[in-house]
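Please open the model in your viewer and keep the sequence panel at hand. The stops below proceed from one selection to the next.

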Amino acid sequence: MDIAAQSIEGGFADPVFNAQTVFRAVMDAMARPGSVHPLPPLARPPAPLSATSGAVALALCDNDTPLWLDPPLHASAAIGSWLGFHTGAPLANTPADAHFAFVATPAEMMALDGFSQGTQDYPDRSTTLILQVGDLVSGTPLLLEGPGIETSATIAPAQMPRHFVEQWKQNIRRFPRGVDIILATSDRIACLPRTTRIKTMEA
């Protein structure tokens, strides 16, 4: 299939309803960090952008939200065309210019502080990272505490960035600035907002 055809197909079948479904799942996941929310395959983007990441892009991105794609995603012209056609979002020149960053290989990702951190006056101008992970149970267990978590929560996303917990501690220190993260598996999401404290669980 040529790029033009790939870029047109695979969007939401019911744009309003599907976008509301995804938006609600993301908001619920942000409100309760570490909670896992199923997300049906509502979008069919070109590989290696996953169905879940694609659905998040369609629900959250528009022509005012520059996107950054990591090298494996950027290498696919079809993905850039698909996102452009379905969201209108421009590609950011640098990670620091991006409102949303889509990462297919989080284990090889650049440091969190390379993305937009927002400003003290406009902390919401920071980057939200969508990390494609294999699952949320087979990685290093992370202990989560903070707003939206009654006592603590545990999540174990696979293929996370190197030195993630150390990087996240620096992210917390920048509050109210800092990045937020959406973890996307093939059929579910969980969120790590910048207010969440994360520790590695001792085995």
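A residue is called buried under 20% relative accessible area, exposed over 50%, and partly exposed in between. By that rule D187, with a relative accessible area of 34%, is partly exposed. The model on display is a predicted one.

**First stop: the salt bridges**

Keep D187 selected and add R188. Their side chains meet in a salt bridge, with 3.2 Å from N to O. R188 counts as partly exposed because its relative accessibility is 36%.

The structure holds 2 salt bridges. For the other, select R194 and D180, whose closest N and O atoms are 2.8 Å apart. This pair links distant parts of the chain: D180 belongs to strand 7 (residues 180–184), while R194 sits in the loop between strand 8 (188–192) and strand 9 (197–200), 14 residues apart. Are R194 and D180 buried or exposed? Both of them are buried. As a general point, side chains of opposite charge can pair when their charged atoms come close.

**Second stop: the sheet**

Now display the strands as a cartoon. An open sheet of 6 strands appears in the order 1-8-7-4-3-2, and its pairing is mixed. Strand 1 (37–38) and strand 2 stand at the edges; each has a single partner strand, so one side of each is left without a neighbour in the sheet.

Next, select strand 4 (residues 128–132). Strand 4 pairs with strand 7 in the parallel sense, over 5 bridges, and L129 stands opposite I181 in strand 7. Strand 3 also runs parallel to strand 4, and 4 bridges join the two; here F100 stands opposite T128 in strand 4.

How many residues of strand 4 are buried? The count is 5 of its 5 residues. In a regular strand the side chains alternate between the two faces of the sheet. In strand 4, T128, I130 and Q132 lie on one side and L129 and L131 on the other, and both faces are covered.

**Third stop: helix 5**

Select residues 77–87, which form helix 5, and colour A78, I79, W82, L83 and T87, which are buried. These residues cover an arc of only 130 degrees around the axis, which puts them on the same side of helix 5. An α-helix has 3.6 residues a turn, so residues three or four places apart point the same way.

To see what these buried residues pack against, add helix 1 (3–8), helix 3 (51–60), strand 2 (67–69) and helix 4 (71–74). Then step just past the end of helix 5 to G88, which takes a positive phi of about 75 degrees.

**Fourth stop: the nonpolar cores**

In soluble globular proteins, nonpolar side chains tend to be buried together. The largest nonpolar core of this model has 33 residues, and those with the most contacts inside it are F12, V22, V26, L83, F102, I182 and I189. Helix 2 (15–31), helix 3, strand 2, helix 5, strand 3 (100–103), strand 7 and strand 8 each supply at least two residues of this core.

Centre the view on V26. Which residues are in contact with V26, leaving aside its neighbours within four places in sequence? They are V56, L60, I182, I189 and C191. Apart from this core lies another, of 27 residues, with M109, A153, F164 and I181 among them.

**Fifth stop: the aromatic pairs**

A search of the whole structure finds 2 aromatic pairs. Select W68 and F115 for the edge-to-face pair, at 5.5 Å centre to centre and 75 degrees between the planes. The pair links distant parts of the chain, with W68 in strand 2 and F115 in the loop between strand 3 and strand 4, 47 residues apart. W68 is buried at a relative accessible area of 15%, and F115 is buried at 2%.

Finally, select F164 and W168, which form a tilted pair with 5.7 Å centre to centre and 35 degrees between the planes. Both lie in helix 6 (residues 164–173), 4 residues apart, or about one turn of the helix. F164 is buried, with a relative accessible area of 5%, and W168 counts as buried at 0% relative accessibility.

How values were computed: Residues are numbered from 1 along each chain as its sequence is written. This is a predicted model: local features need pLDDT of at least 70, side-chain atom pairs count only at pLDDT 80 or more; totals for chains, interfaces and linings use all residues. Side-chain values use heavy atoms; hydrogens and water are left out. Buried means under 20% relative accessible area, exposed over 50%, partly exposed in between (1.4 Å probe, protein chains only). The arc is that of the directions from the helix axis to the C-beta atoms. Contact means heavy atoms within 4.5 Å. A salt bridge is a side-chain nitrogen of Lys or Arg within 4 Å of a carboxyl oxygen of Asp or Glu. Two strands pair if DSSP finds at least two bridges between them. A nonpolar core is a set of buried Ala, Val, Leu, Ile, Met, Phe, Trp, Tyr and Cys residues joined through side-chain atoms within 4.5 Å. Rings of Phe, Tyr and Trp (its six-membered ring) pair if their centres lie within 6.5 Å; planes under 30 degrees apart count as stacked, over 60 as edge-to-face and the rest as tilted.
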